[in-house]
Amino acid sequence: MGMPRGGRLLLGTCLGSLFVLVLYFQSITKPEPAETTDSRPGKSRRSPLQTLYNGDQKLELLAAQRSLQGRRELLGQACLSHTRKRQVLSPEDLKHLIVDDKHSLIYCYVPKVACTNWKRVLMVLSSDGRYINPLAIPANEAHVAGNLRTLSEFTVSEINQRLRSYLKFIFVREPFERLVSAYRNKFTRSYNTAFHKRYGTKIIRRNRPDPEPEALEKGNDVSFPEFVQYLVDPRTQREEPFNEHWERVHSLCHPCLIHYDVVGKYETLEPDAQAVLRLAGVEGTLQFPTSGKSTRTDGNMAARFFKHISPFYQKKLFNLYRMDFLLFNYSTPEYLRTR
């Protein structure tokens with residue numbers, strides 16, 4: 001069987017009762033998107049993938065695409081330099097890839113990178129009028145399993161077809177800003193009792209000398225240095241995979257195995273989101289929700305948290321997230337003291 005243009009070939013094999021998916025990554029070439037059918041009877045429309053790779057778009061879309069193309073090329077080069085070209089993927093590895101058949105989109109969601117709002121948008125796009133306004137969808141409803149389909153739910157041939165012809169996009173964020181954001185949200189908010197019980201008690205038991213009984217019971221006062229110690233401790237990943245909120249992006253979305261057509265960034269969220277909606281042909285009917293947060297985690301805030309982390313643990317943590325820095329072209333933070 002030959003390799004299709006675009007370098008995306010997914011093979012399914014059965015090993016006993018284990019179903020295995022094998023995906024090959026090649027250097028980026030222009031894919032061959034199929035024409036899709038409009039939801040209106042008798043109408044056909046250009047797919048988002050056709051819109052992206054055909055050269056007759058409006059000037060504002062072409063300008064956005066130059067930036068997106070540069071990111072694709074940098075990601076491709078980093079993958080060739082820093083990763084192997086073959087790897088085995090299981091259906092579990094595809095659970096973060098959300099599918100919108102109506103608009104021929106595949107989105108890999110990354111927690112703490114506007115994924116709640118992207119899920120809301122995709123619920124509007126994939127529904128038949130049930131949802132109209134993304135911000136009217138409660139955040140907890142956006143995360144309910146079953147509201148959106150994931151690529152893992154399809155057969156191998158259906159997965160192949162969608163990977164070949166759908167626009168695949170991902171949004172990423174400076175790794176340590178994302179990590180601090182996850183810590184702040186999951187360990188410093190009083191309402192996140194499930195995380196406190198599930199992870200906080202374990203972190204305190206392992207890393208805090210002579211903890212108070214209340215801390216061991218509630219797990220609601222984990223410090224950032226204790227969280228960092230938990231992350232870099234080899235026992236943590238031996239016992240179980242990282243929670244998705246602090247798992248590395250390359251482990252969630254496999255960007256060197258799945259060819260993403262759009263790599264959006266949290267730092268340029270609004271124009272990048274607008275570019276995706278424009279490619280999907282819905283920019284006139286749907287707007288990406290803007291964040292109203294006044295205390296968004298940025299580089300200055302991350303620097304304040306890392307000031308309390310020793311150079312030894314800073315270096316260990318950077319090595320843990322190194323691939324995300326390399327693949328998505330983020331510089332080593334100036335505040336790190338790793339030497």
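Reader: Which residue in E8 does Ile98 stand opposite?

Author: Ile98 stands opposite Thr150 in E8. Please keep in mind that this is a predicted model. Another pair between these strands is Val99 in E6 with Arg149, its bridge partner in E8. Two bridges join E6 to E8, and the two strands run antiparallel.

Reader: In what order do the strands of this sheet lie?

Author: The order is E8-E6-E7-E9-E10, five strands in an open sheet with mixed pairing. At the edges are strand E8 (149–150) and strand E10 (262–265), each of which pairs on one side only.

Reader: How many bridges pair E6 with E7, and in which sense?

Author: Four bridges pair E6 with E7, in the antiparallel sense. One residue to find is Asp100, which stands opposite Leu105 in E7. E6 and E7 form a hairpin, with four residues between them.

Reader: Which way do the residues of E6 point, and are they buried or exposed?

Author: Leu97 and Val99 point one way from E6, while Ile98 and Asp100 point the other way. All of these residues are buried.

Reader: What should I note about phi in the turn of the hairpin?

Author: Look at the sign of phi. In the turn, Ser104 has a positive phi of about 60 degrees, and Ser104 is a residue other than glycine. Ser104 counts as buried because its relative accessibility is 1%, and the cut-off for buried is under 20%. A second case is Asn329, in the segment after H14. Phi of Asn329 is also positive, near 60 degrees, again in a residue other than glycine. Asn329, however, is partly exposed, with a relative accessible area of 48%.

Reader: Where does His96 lie, and what does it touch?

Author: His96 lies in the loop between strand E5 (86–89) and E6. With a relative accessibility of 11%, His96 counts as buried. Setting aside residues up to four places away in sequence, His96 touches Tyr107, Cys108, Tyr109, Pro111, Glu244 and Leu252. To compare sequence with space, take His96 and Tyr109: they are 13 residues apart in sequence, and their C-alpha atoms are 5.7 Å apart. For Glu244 there is a polar contact as well, since the side chains of His96 and Glu244 approach to 3.1 Å.

Reader: Let us turn to helices. Why does the span of H3 agree with its number of residues?

Author: The idea is to compare an expected span with the one in the model. Helix H3 (residues 115–126) has twelve residues, which at 1.5 Å a residue should span 16 Å. The C-alpha atoms at its ends are 16 Å apart, so the two values agree.

Reader: Is H3 mostly covered or mostly exposed, and what does it pack against?

Author: H3 is mostly covered, as ten of its twelve residues are buried. Among them are Cys115, Trp118, Arg120 and Leu125. The buried residues of H3 pack against strand E6 (97–100), strand E7 (105–108), helix H4 (139–142), strand E9 (167–172) and helix H12 (269–279). H12 itself lies across E9 and E10, and runs at about 170 degrees to E9.

Reader: Why can the buried residues of a helix lie on one side?

Author: An α-helix has 3.6 residues a turn, so residues three or four places apart point the same way. For the case here, consider helix H13 (residues 299–306), in which Met301, Ala302 and Phe306 are buried. These residues cover an arc of only 135 degrees around the axis, which puts them on the same side of H13. Their cover includes helix H6 (175–187), helix H9 (224–232) and helix H14 (311–327).

Reader: What is found at the start of H13?

Author: There, a side-chain oxygen of Asp298 reaches to within 3.2 Å of the backbone nitrogen of Asn300.

Reader: As a last exercise, which residues are in contact with Asn207?

Author: First locate the residue: Asn207 is in helix H7 (residues 193–207). Asn207 counts as buried, its relative accessibility being 16%. Apart from neighbours within four places in sequence, Asn207 is in contact with Glu226, Gln229 and Tyr230.

Note on methods
Residues are numbered from 1 along each chain as its sequence is written. This is a predicted model: local features need pLDDT of at least 70, side-chain atom pairs count only at pLDDT 80 or more; totals for chains, interfaces and linings use all residues. Side-chain values use heavy atoms; hydrogens and water are left out. The expected span of a helix is 1.5 Å times one less than its number of residues. Buried means under 20% relative accessible area, exposed over 50%, partly exposed in between (1.4 Å probe, protein chains only). Contact means heavy atoms within 4.5 Å. A polar contact is a pair of N or O atoms within 3.5 Å; within protein, one must be able to donate a hydrogen and the other to accept it, and residues adjacent in sequence count only if both atoms are side-chain atoms. Two strands pair if DSSP finds at least two bridges between them. Axes are lines fitted to C-alpha atoms, for helices over the stretch in contact, and angles run from 0 to 180 degrees between N-to-C directions. The arc is that of the directions from the helix axis to the C-beta atoms.
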